[in-house]
Amino acid sequence: MNIYDTKQIKCYRCGKFIGEVDCDVEIICPKCGPCADPFPSDEIITKS
Ligand SMILES: [Zn+2]
């Protein structure tokens, strides 16, 4: 087994790098901290 067999995870909304996981791990719609917030302040600003 290759211990470096990992893939990089980026936020699916803003593209921010989140971290690395094993390649056999499936992550659906990964989100960074701010994007995981149901009411992000920056989203409110862009709507105005
Ligand atoms: Zn994000």
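This report walks through the fold of a small set of strands and helices, and then visits a few residues one by one.

## The overall picture

Keep in mind from the start that this is a predicted model. The protein has two strands and two helices, and along the sequence they come in the order β-β-α-α. So what share of its residues counts as buried? Of the 48 residues, the answer is 0%. Contacts that span a long stretch of sequence make up a small percentage: among contacts with a separation of 6 or more, 3% link residues that are 24 or more positions apart.

## The hairpin

Let us begin with the two strands. β1 covers residues 6-10, and β2 covers residues 17-22. How do β1 and β2 run relative to each other, parallel or antiparallel? They run antiparallel, and five bridges join them. Together β1 and β2 form a hairpin, with six residues between the two strands. In that turn sits G15, whose phi is positive, at about 80°.

You can trace the pairing through individual partners. K10 of the hairpin has F17 in β2 as its bridge partner, while Q8 is bridged to E20 in β2. Although β2 takes part in this pairing, the strand is hardly covered: zero of its six residues are buried.

## Two residues of β1

Q8 and I9 both give you a good view of the first strand. Q8 lies in β1 and is exposed, because just 9 other C-beta atoms come within 10 Å, and a count of 12 or fewer is called exposed. Apart from residues up to four places away in sequence, Q8 touches F17 and E20. E20 is thus a residue that Q8 touches and also its bridge partner.

I9 is in β1 too. With 17 C-beta neighbours inside 10 Å, I9 is partly exposed. Its contacts, again not counting residues up to four places away, are I18, G19, E20, V21, I27 and P30. In general, side chains in a regular strand alternate between the two faces of the sheet.

## The loop after the hairpin

Following β2 there is a loop that leads to α1, and I27, C29 and C32 can all be found there. I27 is exposed, with 11 other C-beta atoms within 10 Å. Leaving aside neighbours within four places in sequence, I27 is in contact with I9 and V21.

C29 is exposed as well, since 8 C-beta neighbours lie inside 10 Å. What is the sign of phi at C29, positive or negative? Phi of C29 is positive, near 50°, and C29 is not a glycine. As background, most residues other than glycine have a negative phi.

C32 sits just ahead of α1, which spans residues 33-36. Is C32 exposed or partly exposed, and why? C32 is partly exposed because 18 other C-beta atoms lie within 10 Å, and a residue needs 20 or more to be buried. Its contacts beyond four places in sequence are C11, C14, K16 and I18.

## Far along the chain, yet within a few ångströms

The table lists C-alpha pairs with their separation in sequence and in space.

| Pair | Separation in sequence | C-alpha to C-alpha distance |
|---|---|---|
| Q8 and D22 | 14 residues | 8.9 Å |
| I27 and I9 | 18 residues | 8.3 Å |
| C32 and G19 | 13 residues | 9.6 Å |
| I9 and C32 | 23 residues | 9.7 Å |

I9 appears with I27 at 8.3 Å and with C32 at 9.7 Å. This ties β1, where I9 lies, to the loop that holds I27 and C32. I27 is also in contact with I9.

Key
Residues are numbered from 1 along each chain as its sequence is written. This is a predicted model: local features need pLDDT of at least 70, side-chain atom pairs count only at pLDDT 80 or more; totals for chains, interfaces and linings use all residues. Helices (H or I, at least four residues) and strands (E, at least two) are DSSP runs, numbered from the N terminus. Two residues are in contact if their C-beta atoms, placed from the backbone, lie within 7 Å. Two strands pair if DSSP finds at least two bridges between them.
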